[in-house]
Amino acid sequence: SRPTVFCKGSHFMNVSDNGGGGYKSPHYDWLVTNLIIDCFDKAGGFSIVHTSRYQISDCLFQHMGGLKHYIEANSSGGPRADGTYNVRILRCEFVNDIKVSGRRTKDECVQLDYSWDGAASNTFDDGTVTNNVLIDSCYFHDAPRAIGGHRYNAESGNGSPKGMHSNILIQNNTFTNIDPTEFGGTDTNGIGSEGAVRAYVWSNVHILNNVFNNCYQPINLYI
């Protein structure tokens, strides 16, 4: 059996030291595995910034709060050896079916984001993007959106994105009942509509051997 942790604050886990931006947080090379993470209809899961390597595996995520994500992979990744991935999300289950106050269609279970002011806890606001991501053998179901992003703007200060999110492999996952219209989404091909995977300003992306069941729109690519 897996132990359950209840998140009643803002997040289950965030990064307290951003290392001065880039991928330089001193909190790296960590593993979280084999937990039930219950966000108590108010919290998010992980808010990870400026971190070069980590793995989240074999966890069940449930009861996400409004305006949150189960995993905010922000300014994460950095250089890698060929054939390896720095951000690894493996064999997890994500369910986000509760229509809590503030729920948006863009409350992705897993969001890839860059470092802009207000994006996540302790961002350095330097435009660092997320890259070298593996999402493998996960189960996403009953949610407005599974994997994606929804912001790519010219920001104030130094927060404008420095390139695209890149080197992303999404494989062997199952997506079931990902339908944003159940959460207020109405505009086809717009920020409030797409379900499942929203590849928003990503490059070098492979989406392989996945199963989509009853998804409003399985994959949307914006390049």
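**Close-up views of a predicted all-strand chain**

**Figure 1. Strand S11 is covered on both of its faces.** Val 110 and Leu 112 point to one side of S11, Gln 111 and Asp 113 to the other, and all four residues are buried. The model shown here and in the following views is predicted. On one flank, S11 pairs with S8 in the parallel sense over 4 bridges. Within this pairing, Glu 72 has Gln 111 of S11 as its bridge partner. S11 also pairs with S14, again in the parallel sense, over 2 bridges. Here the bridge partner of Val 110 is Ile 147 in S14. Val 110 and Gln 111 thus appear twice in this view: both are buried, Val 110 is bridged to S14, and Gln 111 is the partner of Glu 72.

**Figure 2. The chain as a whole contains strands and no helices.** Its secondary structure comes to 20 strands and 0 helices. Along the principal axes, the C-alpha atoms fill a box of roughly 40 × 40 × 35 Å. The radius of gyration is 16 Å, which agrees with the value near 17 Å that a compact globule of 223 residues would have. Of the 223 residues in the chain, 55% are buried.

**Figure 3. An open sheet of 7 strands has parallel pairing.** The order of the strands is S1-S4-S7-S10-S13-S16-S19. Strand S1 (4–6) and strand S19 (211–213) are the edge strands, and each of them pairs on one side only. From one strand to the next, the twist averages 10°. Strands of a sheet pair through backbone hydrogen bonds, in either a parallel or an antiparallel manner.

At the S19 edge, strand S16 (residues 174–178) runs parallel to S19 and is joined to it by 3 bridges. One of the bridge partners in S19 is Val 211, which faces Thr 174 in this pairing.

**Figure 4. Phe 6 and Phe 40 form an edge-to-face ring pair.** The structure holds 12 aromatic pairs. In the pair shown here, the ring centres of Phe 6 and Phe 40 are 6.2 Å apart and the planes meet at 85°, so the arrangement counts as edge-to-face. Phe 6 belongs to strand S1, whereas Phe 40 lies in the loop between strand S4 (36–38) and strand S5 (44–49); the two residues are 34 residues apart, and the pair links distant parts of the chain. Phe 6 is exposed, at a relative accessible area of 52%. Phe 40 is partly exposed, at a relative accessible area of 40%.

**Figure 5. Tyr 70 and Phe 94 form a tilted ring pair.** The centres of these two rings lie 6.1 Å apart and their planes are at 40°, so the pair is classed as tilted. Tyr 70 is found in the loop between strand S7 (60–62) and strand S8 (71–74), and Phe 94 in strand S10 (residues 93–95), which places the partners 24 residues apart in a pair that links distant parts of the chain. Both Tyr 70 and Phe 94 are buried. Both rings also belong to a cluster linked by ring pairs, whose other members include Phe 12, Trp 30, Phe 46 and Tyr 54. Also among the members of this cluster are Phe 61, Phe 140, Phe 175 and Phe 212.

**Figure 6. Two arginine residues lie over the faces of tyrosine rings.** Arg 80 is placed over the face of Tyr 85, at 4.8 Å from the ring centre. Arg 198 is placed over the face of Tyr 200, at 4.5 Å from the ring centre.

**Figure 7. The structure contains 4 salt bridges, with examples shown here.** Asp 29 forms one of them with Arg 53, where the closest N and O atoms are 2.7 Å apart. Asp 29 lies in the loop between strand S2 (11–14) and strand S3 (30–33), and Arg 53 in the loop between S5 and strand S6 (54–57), so this salt bridge ties together parts that are 24 residues apart in sequence. Arg 53 is partly exposed, at 34% relative accessibility.

A further salt bridge joins Arg 104 to Asp 107, with the closest N and O atoms 2.5 Å apart. Arg 104 is partly exposed, at a relative accessible area of 23%, whereas Asp 107 is buried, at 0% relative accessibility.

The side chains of Glu 108 and Arg 145 also meet in a salt bridge, at 3.0 Å from N to O. Glu 108 lies in the loop between S10 and strand S11 (110–113), and Arg 145 in the loop between strand S13 (139–143) and strand S14 (147–148), 37 residues apart. Glu 108 and Arg 145 are both buried.

Technical notes
Residues are numbered from 1 along each chain as its sequence is written. This is a predicted model: local features need pLDDT of at least 70, side-chain atom pairs count only at pLDDT 80 or more; totals for chains, interfaces and linings use all residues. Side-chain values use heavy atoms; hydrogens and water are left out. Two strands pair if DSSP finds at least two bridges between them. Axes are lines fitted to C-alpha atoms, for helices over the stretch in contact, and angles run from 0 to 180 degrees between N-to-C directions. Rings of Phe, Tyr and Trp (its six-membered ring) pair if their centres lie within 6.5 Å; planes under 30 degrees apart count as stacked, over 60 as edge-to-face and the rest as tilted. Buried means under 20% relative accessible area, exposed over 50%, partly exposed in between (1.4 Å probe, protein chains only). A charge sits over a ring if NZ of Lys or CZ of Arg is within 6 Å of the ring centre and within 35 degrees of the ring normal. The radius of gyration is taken over C-alpha atoms; the globule rule is 2.2 Å times the number of residues to the power 0.38.
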